[in-house]
Amino acid sequence: MQEQTDPPDEPNPGLVSTAIQAITQHIRSEGLAPGDPLPSEAAMTRQLNVSRTVVREAFRSLSAMRLIDMSAGRRATVAKLDTGAMSMVIEHGITTQQISVQQVYDVRRTIEMRTVALAALRRTDQEAAAIARSARLMREKFKNPETVMEHDIAFHEAIAAASHNPVFSLIVTAFSGVTRRTWVIGWRTRSSDEDQLKMIKGHEDIADAILKGDPRLAAEHMAEHFDKSVKALLDAGIA
């Protein structure tokens with residue numbers, strides 16, 4: 001069969017969408033795992049009976065969605081789970097005012113009350129220590145807001161990991177971009193050292209409840225933490 005050549009114009013969006021569905025179906029039907037190679041562009045062109053341009057655009061779209069990995073001179077491979085696409089959607093929603101920061105925090109509150117309860121039940125000793133370490137470093141570095149922020153983000157991501165549910169980890173990590181946009185503003189509303197240390201104490205209380213294996217107490221502390229965080233953002237006029 002003679003290989004089709006690329007047309008000079010843009011690929012038909014409907015054909016690209018069909019090619020994307022075919023490629024993802026191939027991943028499912030073949031049981032491909034992260035790192036496994038996909039068929040070449042030429043092979044997919046023949047299989048789908050479309051132009052190379054259509055297949056190339058489908059591959060690019062899947063790469064942008066972080067579903068496949070592409071590099072020059074190598075076959076595309078199945079990608080590992082990546083929070084980038086989800087994070088970009090959330091940040092785009094806020095930037096374009098389709099969703100608010102408060103709505104994001106409402107969702108986070110619901111999700112993280114569940115993750116912290118599961119973490120209290122499922123965490124390993126090593127995971128509990130990592131969570132406590134992040135809280136401790138927040139206190140030790142509280143004069144450096146940006147450093148505190150990074151330990152705060154690590155704290156929440158460690159709790160999600162300790163829930164032993166990768167979907168929770170995926171979602172919580174995707175919120176990190178929004179957190180970095182809003183965290184320092186909320187921190188500044190806590191104008192005294194005492195107020196800032198009270199916020200950190202809330203993290204320490206959560207870590208302690210996880211260490212004790214008390215899911216109810218852990219969830220209560222997490223709910224209180226988010227209620228105070230939303231209030232701080234409202235006080236700053238950005239929620």
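## Around R108 and Y105

R108 is found in helix α5. This is a predicted model, so keep that in mind as we go through the features. The charged end of R108 sits over the ring of Y105, with 5.5 Å to the ring centre. Is R108 buried or exposed? Its relative accessible area is just 6%, and the cut-off for buried is under 20%, so R108 counts as buried. As for reach across the model, R108 and L48 are 60 residues apart along the chain, and their C-alpha atoms are separated by 42 Å.

## Aromatic pairs

How many aromatic pairs does the structure hold? There are two. One joins Y105 and F226: the ring centres are 6.1 Å apart and the planes meet at 65 degrees, so this pair is edge-to-face, given that over 60 degrees earns that label. Y105 belongs to helix α5 (residues 101-122) while F226 belongs to helix α11, so the contact ties together parts that are 121 residues apart in sequence. Both Y105 and F226 are buried.

The other pair, W183 with W187, is stacked, with 5.0 Å from centre to centre and 15 degrees between the planes. Here the partners share helix α9 (residues 176-189) and are four residues apart, about one turn of the helix. W183 has a relative accessible area of 8%, so it is buried. W187 comes in at 3%, so W187 counts as buried too.

## The cavities

Rolling a probe the size of a water molecule over the atoms shows where empty space is left. In this model, the count comes to two cavities of 30 Å³ or more. The largest cavity has a volume of about 250 Å³.

Which residues lie nearest the centre of the largest cavity? They are Y105, D152, T179, W183 and S229, out of 21 lining residues. Y105 is the residue whose ring has the charged end of R108 over it, and W183 is one half of the stacked pair. Helices α5, α7 (145-162), α9 and α11 each supply at least two residues of this lining, and α9 gives the most, with six. By class, the lining of the largest cavity splits into ten nonpolar, seven polar and four charged residues.

## The largest pocket

The largest pocket has a volume of about 370 Å³. It is lined by 16 residues, and R190, D195, K198, M199 and K228 lie nearest its centre. Helices α10 (193-212) and α11 (215-236) each put at least two residues into the lining. Which helix has the largest share? That is α11, with eight residues.

What does this lining look like by class? Eight residues are charged, five are polar and three are nonpolar.

## The second largest pocket

Next comes the second largest pocket, at about 290 Å³. Of its 15 lining residues, R66, L67, V78, A79 and L81 are the closest to the centre. Helix α1 (residues 13-29) gives the most to this lining, with three residues. By class, the lining of the second largest pocket has ten nonpolar residues, four charged and one polar.

## The annotated domain

An unreviewed UniProt entry carries the annotation "domain: HTH gntR-type" for residues 13-81. In the model, that span is 55% helix and 6% strand, and its end C-alpha atoms lie 26 Å apart.

Notes: Residues numbered from 1 in each chain as written. Predicted model: local features only at pLDDT ≥ 70, side-chain atom pairs only at ≥ 80, totals over all residues. Heavy atoms only, no water. UniProt positions renumbered as here; feature names shortened; annotations may be inferred. 1 Å grid on protein atoms, 1.4 Å probe; cavity = no way out; pocket = protein on both sides within 12 Å on 5 of 7 lines; lining within 4 Å. Points joined across faces, edges and corners; volume = space filled by probe spheres on them. Nonpolar A, V, L, I, M, F, W, Y, C, P; charged D, E, K, R; others polar. Phe/Tyr/Trp six-rings, centres within 6.5 Å; stacked < 30°, edge-to-face > 60°. Buried < 20%, exposed > 50% of the residue type's maximum accessible area, 1.4 Å probe, protein only. Lys NZ or Arg CZ within 6 Å of the ring centre and 35° of its normal.
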